Amino acid sequence: GVKLSECEKDEIAEITAIAQEAFLTQLFGMGFFHADPHPGNILKLNEPTPEGYTVALIDCGLMANVDKADQDHMISAVIHLANKDYASLVDDFIRLKILPTDCDRAAIIPLMDKALSPYVKGGGAKKYEEELKRMYGMEDSVSSQVGGFQAMTQDALTVLNDIPFSIPPYFAILGRAIVTLEGIALTGNEDYGIIMETYPFIARKLLSENRPEIQQALQEVLFSVGDSSNPGLKLNRLLALLNNASGAVGTKEGAAFVDLDAVPEDGLSLGDGLKLLLSDNAESVRKLLEEEVENIAWVFFRQIIRKGMTEASVALTPPRLPSLPFIGDLISPPKLQLDDVPLPFLLPGEEVTSTPSVSLMTANQFTDLIAPKLTRDEEIYAISISDAAEEFLGPNVANFLRGDGLISTQSASLVLAAASTGLLGNKDLLGTQNAQNVIQTVSNLLKRLDSKAGGSVEEVLAEVTAKLSDDEKERLDEIVTELTQRTLSKVRARAATRQ
C-alpha cells in the first residue's frame with residue numbers, strides 16, 4: 001500500500017472517513033485504540049482485501065485501553081458538546097474525573113463556551129484562533145487587541161488558578177490520537193470538525209446498544225427532559241436521530257452545532273427511516289420507545305373514541321318535532337338525547353374467566369369508562385405528536401390521530417352494539433385474532449377517511465412500508481399486534497371496574 005503521507009489531497013479526504021470510522025469503532029466499540037495514527041501509519045492498500053477493506057493501520061506499538069464506563073461518559077460528552085449543552089457537559093467531565101464534584105459550575109460553563117465552541121466549529125488551529133479573536137473582540141485596532149488579550153488572559157488565569165481540573169493518563173494519549181487524526185483530516189478538508197463528523201457514529205451507537213448508560217443518553221436526546229410543559233417523546237427528535245445515524249445532521253448557529261430538533265430536508269425518506277427503526281441496528285431505541293409508544297397508543301385511542309362518540313351521539317339523536325302555531329310544544333315531546341338513555345352493557349368481571357354481567361349506563365358514561373378524558377399534559381402531548389404527524393405524514397394522518405370526523409354514525413352504532421352484546425366480556429378479547437380484527441377495523445376507517453377527504457392515508461402507509469424486508473414487516477406486524485393487545489387489555493381492565 002501507499003502511506004497516507006504520500007497520497008494526494010483528494011485521496012486523503014476519501015481515506016479520512018474510513019480512518020475516522022475505524023478509530024471510533026476501536027474507541028467506542030472495542031475500548032482498545034491505536035494511539036499513534038499519524039500519516040505514516042495509515043496505508044491506502046493497492047488492492048482491496050477479500051473482505052473489501054481498502055485501508056490498513058500499521059505500527060501498533062502505542063495502544064491504549066478505555067473501560068466501558070468511560071466510553072459511555074465520552075459518548076454522553078460528545079452529544080452534549082455537539083448540542084452546546086455545557087451544563088450537562090460539566091457532569092460528563094465530573095464522571096470522567098476531569099473536574100471535581102464540587103467545582104464552580106457558574107464559573108466553568110461560560111469558560112467552556114469560550115474555549116470549546118470555536119473548536120466544535122472546526123477548521124483547525126487557524127480558524128480556532130480567528131474565532132477566539134472574534135469572541136474576545138480583538139479587531140484590527142490596537143486598543144481592541146489589548147483589551148481582548150487582557151480578557152483572554154484573565155479567563156486563562158481563572159482556569160489555571162480557580163478550576164482544579166485534571167487529565168486522566170489515558171486521556172492525554174487519546175487527545176494526542178485525536179489531534180493527529182484531525183490534522184490529517186484538515187489536509188483533505190480545511191473546514192473539518194471532528195465533533196460534528198463524529199456525531200453520526202454516536203447516533204448509530206445510541207440506536208443499537210441496550211446498556212442502561214446508553215439508554216440514558218438516548219433518553220436525553222429523544223425526550224423533553226426537564227421540560228414540564230411538553231413532556232414525553234418528541235417525534236421530530238426521533239426522526240432527526242434516524243437521519244443523524246444515516247449521516248444527515250441538522251445544524252444550528254451557523255452549522256456549528258447539532259440541532260436535536262431539526263430534521264434535514266435532504267435526509268432520509270419516511271420509508272428509509274422506518275426501515276432503519278425496524279432494523280437490527282435500532283434495537284436500543286425500540287426498547288426505549290416500547291413503553292412510550294404504548295402510552296401514545298392509549299392517549300390517541302381515548303382521543304379518537306371520545307371525539308368520535310361525541311359526533312356520533314349527535315348524529316344518532318333523532319330531531320325534535322317542530323312546534324305548531326298557537327299550540328307550541330304541547331303535543332311535541334321533548335327532544336330525546338341519546339346521552340340521556342341508559343343502555344345495557346355486558347361488561348367483564350375482574351378476572352378473564354369471570355362471568356360477564358349487565359350494567360346500565362348512558363353512552364357518555366360508557367365512553368368515560370373505557371376512554372377516560374385526557375389530562376392537560378396528555379392533551380398537550382397529543383397536540384405535539386399530531387402536529388409532527390401533519391408535518392411529516394400529511395393532514396389526513398394527523399386528522400386520524402386527532403379523531404376529527406373519523407367515526408361515523410354506523411361505526412358508533414357498531415361500537416355500542418358490540419359492547420352491549422358482550423364483546424368486552426369475551427375471554428378471547430385479548431387474543432391475537434381479535435387484535436388483528438381491530439387492526440383491520442382501523443384500516444377500514446383509514447380508507448373511509450381517504451374517501452371523505454380525497455386524501456391518501458393508505459398511499460402514505462403503503463409508500464412508507466414498501467421498502468421493508470420480510471423480516472422487518474414481520475417485526476412491524478408483531479409490534480402493532482402487541483400494541484393493540486395492550487390497549488384492549490386496558491379497555492377491559494377499566495370496564496371490569498364497573499362491577
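Let me start with Asp92, which lies in helix H3. This is a predicted model, so please hear every value that follows as computed from that prediction. Asp92 is buried, and its relative accessible area is 0%. What does Asp92 touch, if residues up to four places away in sequence are not counted? The answer is His73, Ser76, Ala77 and His80. There is also a backbone distance to mention here: the C-alpha atoms of Asp92 and Met74 are separated by 7.3 Å, and these two residues are 18 apart along the chain.

Next to Asp92 in the numbering is Asp91. Asp91 forms a salt bridge with Arg105, and the closest N and O atoms are 2.4 Å apart. Arg105 belongs to helix H4 and Asp91 to helix H3, so this pair ties together parts that are 14 residues apart in sequence. Both partners can be placed by their accessibility. Arg105 is partly exposed at a relative accessible area of 33%, and Asp91 is partly exposed at 26%.

Between those two helices there is a loop, and it holds Lys97. To be exact, Lys97 is found in the loop between helix H3 (86-95) and helix H4 (105-120). Is Lys97 buried or exposed? Its relative accessibility is 62%, and because the cut-off for exposed is over 50%, Lys97 counts as exposed. The backbone of Lys97 deserves a word too. Its phi is near 65 degrees, a positive value in a residue other than glycine. As background, most residues other than glycine have a negative phi.

Lys97 can be set beside Asp59. Asp59 is not a glycine either, and it has a positive phi of about 55 degrees. Asp59 lies in the loop between strand S4 (55-57) and strand S5 (63-65).

Let me step back to the whole chain. How many helices and strands does the secondary structure come to? There are 19 helices and nine strands. The chain has 499 residues, and buried residues make up 42% of them. The chain exposes about 25,800 Å², and carbon and sulfur atoms supply 56% of that area. On contacts, take those with a separation of 6 or more: residues 24 or more positions apart account for 68% of them.

Back to salt bridges. The count for the model comes to 21. I have described Arg105 with Asp91, and I will take two further pairs.

Lys234 forms a salt bridge with Asp261, with the closest N and O atoms 3.2 Å apart. Here both partners are in loops. Lys234 lies between helix H9 (212-222) and helix H10 (235-245), and Asp261 lies between strand S7 (257-258) and helix H11 (270-277), so the pair ties together parts that are 27 residues apart in sequence. Asp261 is partly exposed, with a relative accessible area of 27%.

The other pair is Arg486 and Glu290, whose side chains meet in a salt bridge at 2.9 Å, N to O. Arg486 lies in helix H19 and Glu290 in helix H12 (residues 283-316), so this pair ties together parts that are 196 residues apart in sequence. Arg486 is partly exposed at a relative accessible area of 24%. Glu290 counts as partly exposed as well, at 43% relative accessibility.

Some salt bridges share partners. Which residues do they join into one network? They are Asp72, Lys205, Glu209, Arg211 and Glu213.

Helix H19 comes up again at the surface. Asp470, Asp471, Glu474, Asp477 and Glu478 form a negative surface patch. Of these, take Glu478, which is found in helix H19 (residues 470-496). Glu478 is partly exposed, with a relative accessible area of 48%.

The last residue for today is Thr367. Thr367 is placed in helix H13 (residues 363-370). Why does Thr367 count as buried? Its relative accessible area is 6%, and buried means under 20%. Leaving out residues up to four places away in sequence, Thr367 touches Ile305, Arg306, Met309 and Pro372.

To close, two items to look for in the structure: Asp92, buried in the prediction, and the salt bridge between Arg486 and Glu290.

Definitions and conventions:
Residues numbered from 1 in each chain as written. Predicted model: local features only at pLDDT ≥ 70, side-chain atom pairs only at ≥ 80, totals over all residues. Heavy atoms only, no water. Patch = residues over 30% accessible without salt bridge, like charges linked within 9 Å, V, L, I, M, F, W, Y side chains within 5 Å. Areas by Shrake-Rupley, 256 points an atom, 1.4 Å probe, with all protein chains shown as cover. Salt bridge = Lys/Arg side-chain N within 4 Å of Asp/Glu carboxyl O. Lys, Arg positive; Asp, Glu negative; His and termini not counted. Charge placed at Lys NZ, Arg CZ, Asp CG, Glu CD. Helix = DSSP H or I, 4+ residues; strand = E, 2+ residues; numbered from the N terminus. Buried < 20%, exposed > 50% of the residue type's maximum accessible area, 1.4 Å probe, protein only. Contact = heavy atoms within 4.5 Å.
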